[in-house]
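Please open the model in your viewer and keep the sequence panel beside it, since each stop on this tour asks you to select something and then look at what is there.

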Amino acid sequence: MVKLKLHVNGRDYELDVDPRESLLTVLRDRLGLIGVKKSCGVGECGACTVLLNGVPTDSCLTLAVWAEGQCVRTVEGVARPEGELSPVQRAYVEAGAVQCGFCTPGLVMTTTAFLEQNKDRLASVTREEIKRAHAGHLCRCTGYEMITEAVELALGREVKGAAECLEISK
Ligand code: FES
Ligand code: FES
């Protein structure tokens with residue numbers, strides 16, 4: 001076992017972990033953050049996506065020890081503290097992009113980071129850019145169109161998720 005320090009959703013954690021453990025396992029099984037989904041386990045589906053220092057990352061492919069001292073944000077850290085949905089989450093609901101919901105937490109993280117990365121040019125973001133940014137996510141329910149619409153809906157809204165994460169990681 002090795003000691004691991006993580007900064008997750010604004011809180012500091014110190015844990016003893018097996019050096020072979022994935023970040024996914026540590027987040028779900030040790031910290032109880034079950035919004036991080038496990039599906040394929042091999043980097044194909046995007047369900048396990050979290051923000052690592054603001055960058056969408058497959059937590060199933062990331063050893064927990066690689067995240068030592070870094071800032072992790074999961075879907076649990078996106079909603080407002082009082083439980084109000086974030087603008088991105090609201091957009092997914094309003095666009096009908098949440099059906100079984102299994103892919104949704106990972107997609108919400110990617111959309112949050114995408115909007116933050118493009119915050120100075122939201123009005124000129126194209127559908128092609130949206131599709132490319134979300135290409136690493138598989139969804140068996142929506143046919144993807146409603147996901148693209150959700151991102152378009154979110155484009156005009158204030159997005160703080162990734163920005164907060166980057167601030168925390170400084
Ligand atoms: S569970 Fe990580 S990419 Fe599918
Ligand atoms: S909403 Fe069911 S997999 Fe995407």
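Helices (H or I, at least four residues) and strands (E, at least two) are DSSP runs, numbered from the N terminus. This is a predicted model, in which local features need pLDDT of at least 70 and side-chain atom pairs count only at pLDDT 80 or more, while totals for chains, interfaces and linings use all residues. Residues are numbered from 1 along each chain as its sequence is written, and side-chain values use heavy atoms, with hydrogens and water left out.

Begin by selecting Leu-85, which you will find in the loop between strand 5 (71-73) and helix 2 (87-94). Leu-85 has a relative accessible area of 36% and is therefore partly exposed, a class that lies between buried (under 20% relative accessible area) and exposed (over 50%), judged with a 1.4 Å probe and protein chains only. Add Val-93 and Val-98 to the selection, and you have a nonpolar surface patch whose accessible area together is about 230 Å². Patches are made of residues with over 30% relative accessible area and no salt bridge, where like charges are joined within 9 Å and nonpolar side chains (Val, Leu, Ile, Met, Phe, Trp, Tyr) within 5 Å; the accessible areas come from the Shrake-Rupley method with a 1.4 Å probe, and for residues only the protein chains shown count as cover.

Next, select helix 2, whose buried residues are Pro-87, Val-88, Gln-89, Ala-91 and Tyr-92. Which helices do the buried residues of helix 2 pack against? They pack against helix 3 (104-117) and helix 5 (145-154), with contact taken as heavy atoms within 4.5 Å. Following helix 2 is Gly-96, which has a positive phi, near 70 degrees.

Now colour the chain by domain, using bounds that come from an automatic or database domain assignment: domain 1 covers 2-77 and domain 2 covers 87-168. The C-alpha centres of domain 1 and domain 2 are 20 Å apart, and 20 residues of domain 1 are in contact with 18 residues of domain 2. Between them the two domains bury about 1,600 Å², of which 69% is on carbon and sulfur atoms; buried area here is the accessible area (1.4 Å probe) that two parts lose on being put together, summed over both. Select Leu-51, Arg-73 and Val-75 in particular, which supply 32% of the area that domain 1 buries against domain 2, more than any other three residues.

The last stop concerns salt bridges, each defined as a side-chain nitrogen of Lys or Arg within 4 Å of a carboxyl oxygen of Asp or Glu. By this rule the count comes to eight, although zero are found across the interface of domain 1 and domain 2. Select Glu-84 and Arg-90, a pair whose closest N and O atoms are 3.8 Å apart; Glu-84 is partly exposed at 42% relative accessibility, and Arg-90 is partly exposed at 29%. Then select Lys-119 with Glu-116, where the closest N and O atoms are 2.8 Å apart, and note that Glu-116 is buried, with a relative accessible area of 10%. Finish with Arg-127 and Glu-152, which form a salt bridge with closest N and O atoms 2.8 Å apart. This pair links distant parts of the chain, with Arg-127 in helix 4 (residues 127-133) and Glu-152 in helix 5, 25 residues apart. Adding Glu-145 to the selection shows a network of salt bridges that links Arg-127, Glu-145 and Glu-152.

Methods:
Chains lettered and ligands numbered in written order.
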